[in-house]
Amino acid sequence: MKKIIHLTVFLALISALAGGILAYVNQITDPIIQEQKIAKVKASLEEIFPGASEFKEVSFEDETGKVTNAYEAVGKGYAFAVSVTGYKDTISFLVGYDTTGKVVGFKVTYLNDTPGIGSRVGDAEFANGVVGKNAGDDVDTLSGATVSSKAVVSGIEAAAAAYAALSN
């Protein structure tokens, strides 16, 4: 019985020590991990907000589940990472709103849809129909790529709702 108690106390001490070390390492590495997350999308954010010097990840609530991240371009506006399901696969993109609620950028970051049909949501034709719109304005879908373009439009609408919540 004495041996069981000794081993139990020893195991508890080792577990507590390991847990403490892991918590300490997490505390040190978490800011670095957050910076690297933003660095991955920073090039795209800089395309949407040219001249912006600082980007911050912003916490928000999205009831639709389409807006995966939000970033503040300090003094310039907000960008939203959105992920929707198109005809064939997931479509991920960034959409940026300036401080007045106008779309200033749209960039597809992942698209694996039918070439020449659903893939057209990644073309300049579609992006030009998005940029310049105000949050809440209707965005036209693409003929022949209705499923994918409707999915992207629903993601843009979700980002507009997230923008409205953050800007108030």
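**Close-up views of a predicted model**

**View 1. The hairpin of β2 and β3.** In this predicted model, the hairpin that joins β2 and β3 has three residues between its strands, and Gly 75 takes a positive phi near 80° there. The two strands, β2 with residues 67-73 and β3 with residues 77-85, pair in the antiparallel sense, and six bridges connect them. Two of the residue pairs can be picked out by name: Val 67 has Val 82 of β3 as its bridge partner, while Asn 69 stands opposite Ala 81 in β3.

**View 2. The hairpin of β4 and β5.** Four residues lie between β4 and β5 in this second hairpin, and Gly 101, which belongs to the turn, has a positive phi of about 95°. The pairing of β4 and β5 is antiparallel and runs over seven bridges. A pair of glycines can be found here, since Gly 96 stands opposite Gly 105 in β5.

**View 3. The pairing of β1 and β2.** Four bridges hold the place of β1 beside β2 in the pairing scheme, and the sense of this pairing is antiparallel. To follow one of these matches from strand to strand, start at Lys 56, whose bridge partner in β2 is Glu 72.

**View 4. The whole sheet, from edge to edge.** The five strands make an open sheet in the order β1-β2-β3-β4-β5, with antiparallel pairing. Why do β1 and β5 each have one side without a neighbour in the sheet? Strand β1 (55-58) and strand β5 (103-111) stand at the edges, where each has a single partner strand, and so one side of each is left without a neighbour. From one strand to the next, the twist averages 20°. When looking along any strand, it helps to remember that in a regular strand the side chains alternate between the two faces of the sheet.

**View 5. Helices against the sheet.** Helix α1, which covers residues 2-48, lies across β1, β2, β3, β4 (90-98) and β5, and it runs at about 115° to β1. Helix α3, made of residues 146-167, also packs on the sheet and touches β1, β2, β3, β4 and β5, with a direction that makes about 145° with that of β3.

**View 6. The cavity and its lining.** A search of the whole structure finds one cavity of 30 Å³ or more, and the space in the largest cavity is about 80 Å³. Its lining is made of 14 residues, of which Gly 136, Asp 137, Val 139, Ile 156 and Glu 157 are the closest to the centre. Which element gives the most to this lining? Helix α3 does, with four residues. Sorted by class, the lining of the largest cavity contains eight nonpolar, two polar and four charged residues.

**View 7. The chain as a whole.** To place the close-ups in context, the chain has three helices and five strands, which follow one another along the sequence in the pattern α-β-β-β-β-β-α-α. The radius of gyration of the chain is 22 Å, whereas a compact globule of 168 residues would have a value near 15 Å. Taken along the principal axes, the box filled by the C-alpha atoms is roughly 80 × 35 × 25 Å.

Note on methods:
Residues numbered from 1 in each chain as written. Predicted model: local features only at pLDDT ≥ 70, side-chain atom pairs only at ≥ 80, totals over all residues. Heavy atoms only, no water. Pairing = 2+ DSSP bridges. Axes fitted to C-alpha atoms, helices over the stretch in contact; angles between N-to-C directions. Contact = heavy atoms within 4.5 Å. 1 Å grid on protein atoms, 1.4 Å probe; cavity = no way out; pocket = protein on both sides within 12 Å on 5 of 7 lines; lining within 4 Å. Points joined across faces, edges and corners; volume = space filled by probe spheres on them. Nonpolar A, V, L, I, M, F, W, Y, C, P; charged D, E, K, R; others polar. Rg over C-alpha atoms; globule rule 2.2 N^0.38 Å.
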